[in-house]
Number of protein chains: 2
Amino acid sequence: MAKARVYVTLKEGILDPQGKTVLRALKALGYDEVQDLRIGKYMEVSLDGDDLTELGSRLEEMCEKLLTNPIIENYRMEVED
Amino acid sequence: MAKARVYVTLKEGILDPQGKTVLRALKALGYDEVQDLRIGKYMEVSLDGDDLTELGSRLEEMCEKLLTNPIIENYRMEVED
């Protein structure tokens, strides 16, 4: 059994209205040190199998097909035992 | 200028319908090795200031007040130069 983590972020230049809203709210609360905030997704995946290389390449396929939108999002992933 | 990352996950025992839906979709696509999948949030924050300890404790406050829901979510954070 392996555990994987996938971090999904919006590509640079893609608007992030959710992040902008949170940024404004933080400033309204007096957190003036916050210059920018962008919100992405974080996924924890439990995978059956021992071959981490194989699992990694299967997970990459899942990311491209379903877990992310490669047009507007970047992702990075980690797979470990 | 410092950069921080905040990872937000649902607490154990809290239902994750979004994750369950994605899990089912992956299985329907033939990815039978996926045992579980939970979806959280990932935030990248740019902070003005040099005192990482101070910035970290301010960010922790932001997490408790606005960025996360401490009743149902856990979070961890990293602050770096």
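In this predicted model, Thr68(B) sits in the loop of chain B that connects α2 (52–67) with β3 (73–80). The relative accessible area of Thr68(B) is 7%, and because buried means under 20%, this residue counts as buried. Its side chain reaches the backbone oxygen of Cys63(B) at 2.9 Å, and, leaving aside residues up to four places away in sequence, Thr68(B) touches Val8(B), Cys63(B), Glu73(B) and Tyr75(B).

From this single position one can step back to the fold of one copy, for which chain A serves here. Chain A contains two helices and three strands, and, read from the N terminus on, its elements follow the order β-α-β-α-β. The radius of gyration of chain A is 16 Å, well over the 12 Å that the globule rule gives for 81 residues, so the chain is more spread out than a compact globule. Taken along the principal axes, the C-alpha atoms of chain A fill a box of roughly 50 × 25 × 15 Å. Of the 81 residues of chain A, 38% count as buried, and among its contacts with a separation of 6 or more, 68% come from residues 24 or more positions apart. The accessible surface of chain A amounts to about 4,500 Å², with 50% of it belonging to carbon and sulfur atoms.

The relation between the copies remains to be described. A turn of 180° with a shift of 0.0 Å along the axis lays chain B on chain A with an RMSD of 0.0 Å, and the two copies are therefore related as by a two-fold rotation axis. The same surface serves both copies, since 100% of the contact residues of chain B recur in chain A. Among the residues of chain B, Lys41(B) comes closest to the rotation axis, with its C-alpha at 2.2 Å.

Notes: Residues numbered from 1 in each chain as written. Chains lettered and ligands numbered in written order. Predicted model: local features only at pLDDT ≥ 70, side-chain atom pairs only at ≥ 80, totals over all residues. Heavy atoms only, no water. Least-squares fit on C-alpha atoms with pLDDT ≥ 70 in both. Contact = heavy atoms within 4.5 Å. Helix = DSSP H or I, 4+ residues; strand = E, 2+ residues; numbered from the N terminus. Buried < 20%, exposed > 50% of the residue type's maximum accessible area, 1.4 Å probe, protein only. Polar contact = N/O pair within 3.5 Å; in protein donor to acceptor, adjacent residues only side chain to side chain. Rg over C-alpha atoms; globule rule 2.2 N^0.38 Å. Areas by Shrake-Rupley, 256 points an atom, 1.4 Å probe, with all protein chains shown as cover.
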